[in-house]
Amino acid sequence: MQLDRRQFTKIAGAGGIAIGAVWQQACAQFTETGEVSPETVRTLLDAQGSRSIYDGSEEFEKLRRAVENLVRVRSELRSFPLDEDEQPLTVFRRG
Amino acid sequence: MAQEAIHFMTVRELADQLTAGAVSSVELTQHYLDRAEELDIPPFELPSEPRLDHEGKLATMVTIAREHAIESAERADTELRAGRRRSILHGIPYGVKDLLDTAGIRTTWGSGIFRDRVPDRNAAVIDSLEEAGAVLMAKMSLGEFAGGNTSSALNPWKLDRTSFGSSSGTVSAAVAGLIGFGIGTETGGSIVFPASAVGASGLRPTFGRVSRFGCMPLSWSLDKIGPVGRSAEDCGYILEQISGYDARDDSSANRSFNFQVGPPDLRGKKLGVHRPEFGLSQSEHTGRVFQEALDAFANMGVILEDISFPLRPTGALFTTIVTAESGTIFRPLFDDGRAAGMFTFNADRAAGWMAGRMMPVADYLTAQRIRNQLRREADEIVSRYDAVIAPTWPNGAALREVSQGWPIPARNEWEPPDELSAQTPRLNYIANLVGHPGLAIPCGFDEDGLPLSLQIVGSAFDEQAVLDFGMGFQRETDWHLRRPQYPWRE
């Protein structure tokens, strides 16, 4: 199917919002219950494409815990007071 | 003092032997190969899950490149006989961490997935060392995909202790006299931590100083490649050969490094002492060893001044940046299912990489903004001094245990309480995040006879300053000349 620019923007934008919203949901769940639900992690996983090695329950549980860890870390970073002028070190060059 | 056994000689001593014709490169290479085959090869194939059945062998080498080494040594000898010495490293056998590509010699990244991977190109560092006339002898063991503390390489000072990671094969072999010198890599401590565990001298260069072309990436914005030797001076000679601009690595800096071997006059130089980290050593004996090392600097006329870095979320920064970058780098392994072949102990790490891919980009950018602030703060603090110093690791190497496939560094009785650790900024993590160079040098032994080490950190591109402090210290002390005795202590 050939998409025009308007259709592409609409689809990509909707996808971005959806993934962002699911991640927000993961953060909210963690704040409320101390856990991120398997359903939320599965939605995030499916948004990545293939489930790869995370179809099995044992591996999936490791992934769920890893997501919880990142949610915890994210909260630590987001609470760090940053000057609004601070730029990200996205091009890291010392020379 | 009796003459040092040739396999324990420093780079300069080995070069003197070769230049004087006291030994040929082929003889030297054969000697190291014989030692490696006698002392290093375990009764199992590498790369491997961490195991306990080493039968006293160190397992520092994934691949011994015997034929390649002898051919290179013959070439080096021919040139030496013709009066051509390419560099001080000419004819000296070395080992390189097995994540740098070597044409025609397998490069496994420490993983069973790449057990048979044979590149058709050299990493930039390998080409530089070939140009310098050095003799590639072995690919050194590491934790799978440069994982910390998960290598098969044992600690020659005591076989039941960890050699940390991830450049553990390189540092253990250097200290055990199995190679002339080595090359390691570091993302968050992978040269200096294992160097500390085994008493090697190891240098993490400034980010961008050494080209990473042909090296497995773990984190584009954090990876560095650096030298490992038996003295600070060794590290200077090696860095001079491997540094320099390379258009194939976008982070490569156009800054040459011309090593000044000294002797450095340290009188009046200022060394900032990161005092809070010295408090992490809970053993009186260890605290005394570190203090005596600082006293040695003071006796050389160095001005010591206590400093402290601000407490910043360095752990959270590493987790965010490394999982996002590694998750992207290793994505193909997950997409085609090869990730299922990762070693058992790495399952949690793999899950972290996958989770890193799910994280919104805004969180990655937030981490890089905090890192930028940290860079300015650290640059400012370090710039007030010629260098700053802290224990590389607050204790000697912990027990190495293998449980359910995991090589667990057992917590020893001197480990600081979690609360104290969490409240203490660590110079190593800050320096890695901001790209500062750091030199680990041995400075004594703990109660169990395990090496202790100090890390000297300098401003960006001021490797000469940290090497000057290291060479000055090693001129006044002999900790770097202590050797583990074979048979290795059980």
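Author: Two residues count as being in contact when their C-beta atoms, placed from the backbone, lie within 7 Å. By that rule, in this predicted model, residues 24 or more positions apart account for 39% of the contacts in chain A with a separation of 6 or more.

Reader: What makes up chain A, in terms of helices and strands?

Author: Chain A has three helices and zero strands. Read from the N terminus, the order is α-α-α. Of its 95 residues, 24% count as buried.

Reader: How many residues of each chain are in contact across the boundary between chain A and chain B?

Author: On the chain A side there are 31 residues, and they are in contact with 43 residues of chain B. Helix H1 (5-33) and helix H3 (57-78) are the elements of chain A that give two or more residues to that side. H3(A) gives the most, with eleven residues. By class, the chain A side has 15 nonpolar, eight polar and eight charged residues.

Reader: What does the predictor report for the complex and for chain B?

Author: The complex has an ipTM of 0.92 and a pTM of 0.95. Chain B averages a pLDDT of 95, and 98% of the residues score at least 70.

Reader: How do you know that strand E7 of chain B pairs with strand E8 of chain B?

Author: Two strands pair if DSSP finds at least two bridges between them. E7 (residues 270-274) and E8 (residues 303-307) of chain B have five bridges, in the parallel sense, so the condition is met. Within this pair, B:Leu271 stands opposite B:Leu304.

Reader: What about E7(B) and strand E9 of chain B?

Author: E9 covers residues 387-391 of chain B, and three bridges link it to E7(B), again in the parallel sense. The cut-off of at least two is therefore passed here too. The bridge partner of B:Gly272 in E9(B) is B:Val388.

Reader: Which residues have the most contacts inside the largest nonpolar core?

Author: They are A:Val67, B:Tyr94, B:Val125, B:Met137 and B:Ala387, in a core of 162 residues. Helix H12 (residues 347-358) of chain B supplies the largest share, seven residues. Leaving out residues up to four places away in sequence, B:Ala387 touches B:Leu271, B:Ile456, B:Val457, B:Gly458, B:Ala465, B:Val466 and B:Phe469.

Reader: Why is B:Ala59 called buried?

Author: The cut-off is 20 or more other C-beta atoms within 10 Å. B:Ala59 has 27 such neighbours, so it counts as buried. This residue is in the loop between H2 and E1 of chain B, and its phi is positive, about 60 degrees, although it is not a glycine.

Reader: Why does B:Trp109 count as buried?

Author: B:Trp109 has 22 other C-beta atoms within 10 Å, and therefore it is buried by the cut-off of 20 or more. B:Trp109 lies in the loop between strand E2 (93-97) and helix H4 (124-131) of chain B. It is not a glycine, yet its phi is also positive, about 60 degrees.

Reader: What makes such backbone values worth listing?

Author: Most residues other than glycine have a negative phi, and most peptide bonds are trans.

Reader: Where are the cis bonds at B:Pro47 and B:Ser166?

Author: The bond from B:Leu46 to B:Pro47 is cis, with omega near 0 degrees. B:Pro47 lies in the loop between helix H2 (25-39) and strand E1 (61-64) of chain B. A cis bond also joins B:Gly165 and B:Ser166, with omega about 5 degrees. B:Ser166 is in the loop between strand E3 (135-140) and helix H5 (168-175) of chain B.

Methods. Residues numbered from 1 in each chain as written. Chains lettered and ligands numbered in written order. Predicted model: local features only at pLDDT ≥ 70, side-chain atom pairs only at ≥ 80, totals over all residues. Helix = DSSP H or I, 4+ residues; strand = E, 2+ residues; numbered from the N terminus. Buried ≥ 20, exposed ≤ 12 C-beta atoms within 10 Å, placed from the backbone. Nonpolar A, V, L, I, M, F, W, Y, C, P; charged D, E, K, R; others polar. Core = buried A, V, L, I, M, F, W, Y, C linked by C-beta atoms within 7 Å. pLDDT = per-residue confidence, 0-100.
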